[in-house]
Each structure stands twice: as structure tokens, then as C-alpha cells.
Amino acid sequence: MAHEINRRDFLKLTGLGGVGVVFASALPGVALGADQDEFYFLQLSDTHWGFEGPPNPDAKGTLKKAVASVNALDYQPDFIVFTGDLTHTTDNPVERRKRMAEFKAIASELKVKPVRFMPGEHDASLDNGKAFKEFFGATNYTFDHKGVHFIALDNVSDPRALIGDEQLAWLAADLKQQKKNAPIVVLTHRPLFDLAPQWDWATRDGAKAIELLMPYQNVTVFYGHIHQEHHQMTGHIAHHAAKGLMFPLPAPGSQPNRTPLPWDPAQPYKGLGFRGVDAELKEAQYKLTEYPVIKA
Amino acid sequence: MSLRRKGLAIAAAAVIGVLASIATYVIAQPAQPKEKVIKMTAKRFDYTPGHLTLKKGEPVILELTTLDVMMGFNLPDLGVRADIIPDKVTRVRLVPDKTGTFTFLCDIFCGAKHEEMNGTITVVD
């Protein structure tokens, strides 16, 4: 008898399509509710639409290729999140809106809905998120999906890299509604911890957010900003940075300046890509899959 | 001596004692060396000067100003950060406690080349 295969069956059958699970994030003691089930979402980040320069000779084509790759996935996700720096910064408010409109038009080609957007400092820090809100709505919000509580935190609309007391109070009030063992996913742009403060890879009051999250047993953070895959724990909270889709950046603190890594003509799009997240609540873990811009 | 007079005498003696100890304290203090003042100007998207050489343990005062927008001076390896507000001078005292070359940066997003707005401080023995 034929039956619809789920994502996990698909992964077993395909051997992950040749891209491989690179990280599994455990959820110890997670309590399953009646509405909880496994699901799958994608994280795309740091598309920097509007960037031009030698680090990416295909600056106008990379995002479109990534959208095509997502649409070509054999198994489509439940939803997609963009974790900031949708556009590359510009001092010109008219140009900023033009870039956002162009980005939005390209992202609208994604077959899967919903697509959720978050700002990065390139989108929001010069106007406190004004243009971003016009195009994409609120800069911080929550939603629930199959028993997982998602919290989008804005640590970029304040150019000082602050979440701010008002948003922290909002976060505290939201968390009060959650059970201590509820599965919680935080989406944000900058790292909430001091990854490399000398490169501005930090959130100045991120420790306050982590302190609020610490009493909750099953918290996982997905963020962008650093244009590379990175995994770190603060206590029991796992933080996973995603690759970007315009240019890769060097490993944290590995060189004096955070200049983009050079484009390699022999390996175009090297260091760029997007992420699949399998929420396997029954197995109490998230499995992360890193996809290239173009499938080899 | 009335109780009131006695109280006044005790109070006066106490005041004299405190003043004497302050005088002793002030005299006992060695002359403070004048701290070197270094002026640093921020503008989109650089700091001038972009490099300083300091001596370990020798305190300096950084006088920071911005020529355009609000900036953030951040020297995380030596635990110093301050906002630089237009039309104001921000004074930061710095006592380098280790040798090496350390990056300082603007940590308030200020525009297209914000990520290139940084400099270095070399601390020598």
C-alpha cells in the first residue's frame, strides 16, 4: 500500500541527497504534546542583495540560484526563515527600498509559504528598521509550529547592537507563557553571545536575553551575521550560525580584519549555502543539513 | 563646663582631628604623574590616528570626538568602550595591562563601510 513519505523517511531513502547531516542539536527532556510532530524548515541568511564587488562576481545571480535550488529540493520544507541582512546597506533611503523591493520579488519565487523575514544591521540599523517594516512587517515576533515555539529577536534595529529593555521585557513576558521544558527556537541576526567582539560579532545586551532563556531546558538559537557555519553552546543552549548567500567571512578572530574571503573561480559559491533543520522531537533533537547554492 | 560647652569642645576636637588626618594623607601622596592625553577623531568610516603605540602600565587619556554621526569606540581586549556623541568630547582612561596588538572598532553601525572602521593599539613593555 502506498503512503506519503515523511521527511525522515526521505532522508533515509536518499542518504540526505549527498549533502550530509553535519550537526545534531539535542533537546534533553523535551516533553511531547499532542500537537507535536517532526517537521522541517530552511534557514537562509545574509543575502546582501545590492552588494557588488570581487568577493562575488555573480552578485546578481546567487540569490536567484539559491531560490531555484530550494524550489528543486525533493522534499519541501514546512516554512523558510531569512535571518537578516536581506539587503546590503546603503545610505540612500530610496535605494534601500529599491533593494528591498527587488529582494522581496526574488524571494516571492520560493514555492514554499510561509516565508518569514528578519532584519540584519544592513537592513535596519541606519533607519531603526523603518524601511524593513514597510516591506516585511514587525522586526520581532513569535509563532508556533507543531509544538515548537519560535521567537524572532531583533538585535539590529538599534545601531548600538542592543536588543533593548523594551524588547527584553517583551521576551520575558512571552517566555512566562511557556513551560520550562517546552521546545523553543530563537531566531536572530547577531550572535547573542560574545563570539568575536573585536569584529562586532556580538550583541551588547545579548547576555540579558540568554539569562532570560536559561531557565528553559530546550532552547536552540539560529542566527546569521557571520556568513559561515558555526556552533557554540552557552550552558545548555545551542547557537547555530548559518552560511551566507553573498560572500563568506573568515573564521572568528582568525585574521586582523573581517574582510570577505576571496572568490575562488575554481570553486564558485564556495562557502555559501543554506540550511535545512529537521525538528525530530520524538528523537529529541534537531538535525542540521547544509546545502550548497548549486547542487554539485 | 556646661554640657553644651563640653559637646561643642568635643565636636571641635573631632573636626580638627579629621582635618589633620586629611592634611597628612594629602602630604603623604606622591605627586601624580601627568597622564598623557591622546586625541582621536572619528568620522565615517575611520579613526584618526588609526594606530597607537602605548606602554604597558602607563595610563593615558583618550579624547574622542566625532566629526559626523554618533560612533562607538570599542577596544574589547583591554575592556574599554564608550559612545562618541557629536559636539562632545568623550574622555576615556586607559591603562594597558598586557602587551600585544589589539583591534579597536566602531561598534555603532554607521553606514556602508562601517565594517572597515577599525584600528589597532600596540602595547609594549
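Reader: Which residue of β9(B) stands opposite L54(B)?

Author: V123(B) stands opposite L54(B). This is a predicted model, in which local features need pLDDT of at least 70, side-chain atom pairs count only at pLDDT 80 or more, and totals for chains, interfaces and linings use all residues. Residues are numbered from 1 along each chain as its sequence is written, while chains are lettered from A and ligands numbered from 1 in the order in which they are written.

Reader: How do you know that β3(B) and β9(B) pair, and in which sense?

Author: Strands (DSSP runs of E, at least two residues) and helices (H or I, at least four) are numbered from the N terminus. Two strands pair if DSSP finds at least two bridges between them. β3(B) and β9(B), the latter spanning residues 118–124, have 5 bridges, so the condition of at least two is met. The sense is parallel.

Reader: What is the strand order of the sheet that holds β3(B) and β9(B), and what makes a strand an edge strand there?

Author: The 5 strands form an open sheet of mixed pairing in the order β3-β9-β8-β5-β6. An edge strand there pairs on one side only, as do β3 (51–55) and β6 (80–84) of chain B. The average twist from one strand to the next is 20 degrees, an angle that runs from 0 to 180 degrees between the N-to-C directions of axes fitted to C-alpha atoms (for helices, over the stretch in contact).

Reader: Why does each edge strand of the sheet β2-β1-β4-β7 of chain B have one side without a neighbour?

Author: This sheet is open, with 4 strands and mixed pairing. β2 (46–48) and β7 (90–94) each have a single partner strand, so one side of each is left without a neighbour in the sheet. Its twist averages 25 degrees from one strand to the next. Within it, β1 (residues 36–43) and β4 (residues 60–66) run parallel and are joined by 7 bridges; T66(B) is the bridge partner of A42(B).

Reader: How many helices and strands does chain B have, and where does the helix fall in their succession?

Author: Chain B has 1 helix and 9 strands. The helix precedes the strands, the elements running α-β-β-β-β-β-β-β-β-β from the N terminus.

Reader: Which element of chain B has the lowest mean pLDDT?

Author: On pLDDT, the predictor's confidence in each residue from 0 to 100, helix α1 (residues 3–28) has the lowest mean, 52, and β4(B) the highest, 98. Chain B as a whole averages 84, with 74% of its residues scoring at least 70. Over residues 18–27 of chain B the value stays under 50, and the model has 0 contacts there beyond four places in sequence. Where pLDDT is low, the predicted coordinates should not be read in detail.

Reader: What are the corresponding values for chain A?

Author: Chain A has a mean pLDDT of 90, and 87% of its residues reach 70 or more. Its residues 1–5 lie below 50, with 1 contact beyond near neighbours in sequence; residues 12–20 are also below 50, with 9 such contacts. The whole model scores ipTM 0.84 and pTM 0.86.

Reader: What makes two residues count as in contact, and how many residues of chain B touch chain A?

Author: Contact requires that the C-beta atoms, placed from the backbone, lie within 7 Å. By that criterion, 13 residues of chain B are in contact with 15 residues of chain A. β5 (71–75) and β8 (100–106) are the elements that give two or more residues to this side of chain B. Its classes are 5 nonpolar, 5 polar and 3 charged residues, with Ala, Val, Leu, Ile, Met, Phe, Trp, Tyr, Cys and Pro as nonpolar, Asp, Glu, Lys and Arg as charged, and the others, Gly among them, as polar.

Reader: Why is a set of residues called a nonpolar core, and which residues have the most contacts inside the largest one?

Author: A core is a set of buried Ala, Val, Leu, Ile, Met, Phe, Trp, Tyr and Cys residues joined through C-beta atoms within 7 Å. A residue is buried if 20 or more other C-beta atoms lie within 10 Å of its own (exposed: 12 or fewer; partly exposed: in between). The largest core has 66 residues, with A66(A), V186(A), V221(A) and L245(A) having the most contacts inside it. Beyond four places in sequence, the contacts of L245(A) include L44(A), L272(A) and V293(A). A second, separate core of 22 residues includes M71(B), I84(B), C106(B) and V123(B). Buried residues make up 45% of the 296 residues of chain A and 25% of the 125 residues of chain B.
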